[in-house]
Amino acid sequence: MIEPSAGDTLTPSLAERAAKTIPLAGRIRRHALHMTSSGGSSHIGSILSMSDIVAVLYGDVLRVDPSNPSWPERDRFILSKGHAGAGVYAALAETGFFPVEKLATHYQNGSDLSGHVSHKGIPGVELSTGSLGHGLSVGAGMALGAKLDGRRHRVFVLLSDGECDEGSNWEAILFASHHALSNLCAVVDYNKIQSLKPVRETLALEPFVDKWRAFGWHVVEADGHDHEQLLDAFAQAAAHADSPTCVIAHTVKGKGVPFMEHSVLWHYRTARGEEFDAALSALHDGSDQ
Amino acid sequence: MRDTFIASLSELAARDPRIFLITGDLGFSVLDAFARDRPGQFLNAGVAEQNMTGLATGLALDGRIVFTYSIANFPTLRPLEQIRNDAAYHDANVNVVAVGGGFSYGQLGISHHATEDLAIFRALPGLTVVSPGDDWETHCAVAALAECPGTTYLRLDKSSAGRTERPGESFVLGKARTLREGSALTLVATGGILGVALEAADQLSTEGIACRVLSMHTIKPLDVDALIAAARETGGIISVEEHTVHGGLGGAIAESLLEAGVVPRAFYRIGLRAGFSSIVGSQDYLRTVYELDAPAICAAARRMVGAP
């Protein structure tokens, strides 16, 4: 977000704030469809799953300054599910970190917009990821550093549900609650489908909320496609001072394109030809324009 | 070396608040003073080396100079991907410190034999890799690595060559130290086994085989100039490392000399050739079993110069 202007006196309602982030989510989805289609890359389902979360963060919640990406007091955002990097590139371009035209180079020969999110040469990316289970530990280190220094910025880490199979995450989950890192907020894009099969058929996470709570985290559940619920969840995280917060965002893999929804296939498949046209049409027809 | 490391880091930390030490729940009694004196610069991350390395990266990306500390392969191989992707790719000032190079923990078994680390860390782009031979090199390396941008690896040995520095000598990362002069052969050693190389050189000297001895405390970047000089000016090169012969110091020497078009008249690698050691024993015992001791170095040197 962009800092509120000095003249603002009225606090906008959740609906008013969502009215700004919903169109951003639509633009992220359409960019990501174009990027993955022209590049021939995978993971469109994962990107569509998290697009609303990313739009709410970059469009409203995060205190960042696109004209000064290394502003020391900025909030930090880490995409730990790096395979959905195209969605973050789109959000950064749409919020002014770099020109939207650069998105067309995604996945192309010689491009620095890699399939998994990379920070080199990309203003606004805090951490390159791509191997799952890395982001939360680095985010915890950033949160610990801020806490030790008495600095007030916050750290957000977006994980996938399948990623929660990685033991390193549970090391970080233990650590963050032990050190009461209330400036750390994990978000799980809980679309219930992982690489090959549904989560419950692979390594069941349920009772998922109970696990995070048992590890000492404050947990807020939200519909991960309802912008007002997400805004409210992040407000609850900000207000919680005793422990880190996990926002468990219930999502739909492939959200916004009916034939991609709830489907493992679109973890891998690239939309081309008629499929691309149909997907783009669905995203234009969606309520998030 | 371990105590020297802690003492040197304590001095640095008192002067520079950016210094931060994270242990993976090891260092019983040796880290107590640091933890007591610098509570804001110390953390026990628990038995969780992957998280420890990720934390270190997060702290370093916001301006701290972080040292991660554990023994043998725990701070290195377990979180290797965190070192590669998180610390090194982001040029984070994370300094990985492993206590117990080679067979330092010889009796503890294969899990504690650190015998592939130099090869693995040499392969990581941008890493500075240091394996000091004595306490003075260790002391100097700590400050040098803290100042060195990017990610580094410091391998600390239980054994040490004793004091080898000369009055006024300065330590430079990436610059080998010449500890003995001679033209028959050059022994190039890294790590605490430097002491064994010096012992061998002294023995060979009594037999009329005068060896140059280089302490190659920095494996990467490698002092290729010193190696080229050794290849040109002496009768051959023997590398000495308590590490597999695959890809460590010996491999680095062979690669760089061949690529430079300078072929030593003779070349041999003293190192671990037997693979994993399923037997245990003291560091000295295992060095003898695996022919990493002074008699083995002397025998290789005699063969090389054609001495009986």
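Is the crossing of H1(B) and H6(B) left-handed or right-handed? In this predicted model, the crossing of these two helices is right-handed. The helices concerned are H1 (residues 2-15) and H6 (residues 135-147) of chain B, and their axes come within 9 Å and cross at roughly 40°. H1(B) and H6(B) are therefore oblique to each other. On the H1(B) side, the meeting residues are B:Thr4, B:Phe5, B:Ser8, B:Leu9 and B:Leu12. Their counterparts in H6(B) are B:Asp135, B:Thr138, B:His139, B:Val142, B:Ala143 and B:Ala146. By character, the residues of this contact comprise 6 nonpolar, 4 polar and 1 charged.

Attention now turns to the nonpolar interior. The largest nonpolar core holds 180 residues, of which A:Val247, B:Leu187, B:Ala197 and B:Ile297 touch the most other members. Helix H2 (residues 44-61) of chain A supplies the largest share of this core, 11 residues. Beyond residues up to four places away in sequence, B:Ala197 touches B:Leu187, B:Ala189, B:Val213, B:Val240 and B:Ile297. Such a picture fits a familiar trend: in soluble globular proteins, nonpolar side chains tend to be buried together.

A:Val88 offers a closer look at one residue of chain A, where it lies in helix H3 (residues 85-94). A:Val88 has 28 other C-beta atoms within 10 Å, and because 20 or more suffice, this residue is buried. Neighbours within four places in sequence aside, A:Val88 is in contact with A:Val54, A:Leu79, A:Val117 and A:Val125. A:Gly141 stands 53 residues from A:Val88 along the chain, and the C-alpha atoms of the two are separated by 22 Å.

Definitions and conventions:
Residues are numbered from 1 along each chain as its sequence is written. Chains are lettered from A and ligands numbered from 1 in the order in which they are written. This is a predicted model: local features need pLDDT of at least 70, side-chain atom pairs count only at pLDDT 80 or more; totals for chains, interfaces and linings use all residues. A nonpolar core is a set of buried Ala, Val, Leu, Ile, Met, Phe, Trp, Tyr and Cys residues joined through C-beta atoms within 7 Å. A residue is buried if 20 or more other C-beta atoms lie within 10 Å of its own, exposed if 12 or fewer, and partly exposed in between; C-beta atoms are placed from the backbone. Helices (H or I, at least four residues) and strands (E, at least two) are DSSP runs, numbered from the N terminus. Two residues are in contact if their C-beta atoms, placed from the backbone, lie within 7 Å. Axes are lines fitted to C-alpha atoms, for helices over the stretch in contact, and angles run from 0 to 180 degrees between N-to-C directions. Angles under 35 degrees count as roughly parallel, over 145 as roughly antiparallel, 65 to 115 as roughly perpendicular and the rest as oblique. A crossing is left-handed if the near helix is turned anticlockwise from the far one by less than a right angle, and right-handed if clockwise. Ala, Val, Leu, Ile, Met, Phe, Trp, Tyr, Cys and Pro count as nonpolar, Asp, Glu, Lys and Arg as charged, and the others, Gly among them, as polar.
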